[in-house]
Amino acid sequence: MKKVSLFLLLALGTYTFQACNSSSNKDSAEQAEEANDEKDMPEDDSEFAIKAASGGMMEVELGKLAEQKALNPKVKEFGAMMASDHAKANDELKTLTTSKNITIPATLSEDHQKHVDDLSKLSGAEFDKEYVKLMVDDHKEDIDLFKDASFNAKDPDVKAFAGKTLPTLQKHYDTIKAIQDAM
């Protein structure tokens, strides 16, 4: 009888462990998306918030990495600006999404984490080249994302946040593009 009880207890424990961890197979952005799907809110606004949050976290992580690994002083400087500006924007976004009951990811999406992982393996001139290329491409996408939200977000506060953040993203793009052109 003790063996049967022990077996049932182990089986139940294993099932519970697997059930609890099945959601961990999804990245943080997917989990946030699912949480927002269950709420009554404009889908475009919550999708914007999720993308902006994950992207912002990536910018901070990569900015710190650039401060450590970049060879070019301008790339190091740019990394410091990224870490600072995006940390500030992330805090604003977090305050906004909390007030609007929008769930955002707590960690990077798989795609954004892959960028961090890939760049962390590089150093020197190779790091500079790949980081700068990624920042140019990423800021083009960010500008499009924030421009769209500044015009089309349903929530006026989400729209205002996107519009307020857009000039900073444009400044980042112009700066990194100039660095790229000088390399």
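# A tour from Thr-107

Select Thr-107 to begin: apart from neighbours within four places in sequence, its contacts (heavy atoms within 4.5 Å) are Ser-28 and Met-57. The model is predicted, with local features requiring pLDDT of at least 70 and side-chain atom pairs pLDDT 80 or more, while totals for chains, interfaces and linings take in all residues. Numbering starts from 1 along each chain as its sequence is written, and side-chain values rest on heavy atoms, without hydrogens and water.

**The loop between α4 and α5**

Thr-107 sits in the loop that joins α4 (73-99) to α5. Helices here are DSSP runs of H or I with at least four residues, strands are runs of E with at least two, and both are numbered from the N terminus. Thr-107 counts as partly exposed because its relative accessible area is 45%; buried means under 20%, exposed means over 50%, and partly exposed lies in between, using a 1.4 Å probe and protein chains only. Now add Asp-27 to the selection. Asp-27 and Thr-107 are 80 residues apart in sequence, yet their C-alpha atoms are 8.1 Å apart in space.

Move next to Asn-101, which is also in the loop between α4 and α5. What is the sign of phi at Asn-101, which is not a glycine? The phi of Asn-101 is positive, at about 60 degrees. For comparison, most residues other than glycine have a negative phi. With a relative accessible area of 48%, Asn-101 is partly exposed.

**Salt bridges**

Select Lys-100 and Asp-157. Their side chains meet in a salt bridge, with 2.7 Å from N to O; the term requires a side-chain nitrogen of Lys or Arg within 4 Å of a carboxyl oxygen of Asp or Glu. Because Lys-100 lies in the loop between α4 and α5 and Asp-157 in helix α7 (residues 156-182), this pair ties together parts that are 57 residues apart in sequence. Both ends are partly exposed: Lys-100 has 27% relative accessibility, and Asp-157 has 39%. Add Asp-155 to the selection, and a network of salt bridges linking Lys-100, Asp-155 and Asp-157 is in view.

How many salt bridges does the structure hold? There are six, including two that can be found within single helices.

For one of these, go to α5 and select Lys-114 and Asp-118. The closest N and O atoms of this salt bridge are 2.9 Å apart. Lys-114 and Asp-118 are both in helix α5 and four residues apart, about one turn of the helix. Lys-114 is partly exposed at 48% relative accessibility, as is Asp-118 at 34%.

Then go to helix α6 (residues 124-152) and select Lys-133 and Asp-137, which are about one helical turn apart because four residues separate them in sequence. Their salt bridge has an N to O distance of 3.1 Å. Lys-133, at 42% relative accessibility, is partly exposed; Asp-137 is partly exposed too, with 31%.

**The negative patch**

Select Glu-30, Glu-33, Glu-110 and Asp-111, which form a negative surface patch. Patches consist of residues with over 30% relative accessible area and no salt bridge; like charges are joined within 9 Å, and nonpolar side chains (Val, Leu, Ile, Met, Phe, Trp, Tyr) within 5 Å. Asp and Glu count as negative and Lys and Arg as positive, with His and the chain ends not counted. Each charge is placed at NZ of Lys, CZ of Arg, CG of Asp or CD of Glu. Which helices each supply at least two residues of the negative patch? They are α2 (28-37) and α5 (110-120). Within the patch, Glu-33 is in helix α2 and is partly exposed, with a relative accessible area of 39%.

**The loop between α5 and α6**

Select Lys-121, in the loop between α5 and α6. Is Lys-121 buried or exposed? Lys-121 counts as exposed because its relative accessibility is 67%. Add Lys-69: the C-alpha atoms of Lys-121 and Lys-69 are 9.9 Å apart in space, with the two positions 52 residues apart in sequence numbering.

**The whole chain**

Finally, select the whole chain. It holds seven helices and zero strands. Of its 183 residues, 39% count as buried. Where contacts join residues at least 6 apart in sequence, 76% are between residues at least 24 apart. The accessible surface is about 10800 Å², and carbon and sulfur atoms account for 55% of that surface; areas come from the Shrake-Rupley method with a 1.4 Å probe, and for residues only the protein chains shown count as cover.
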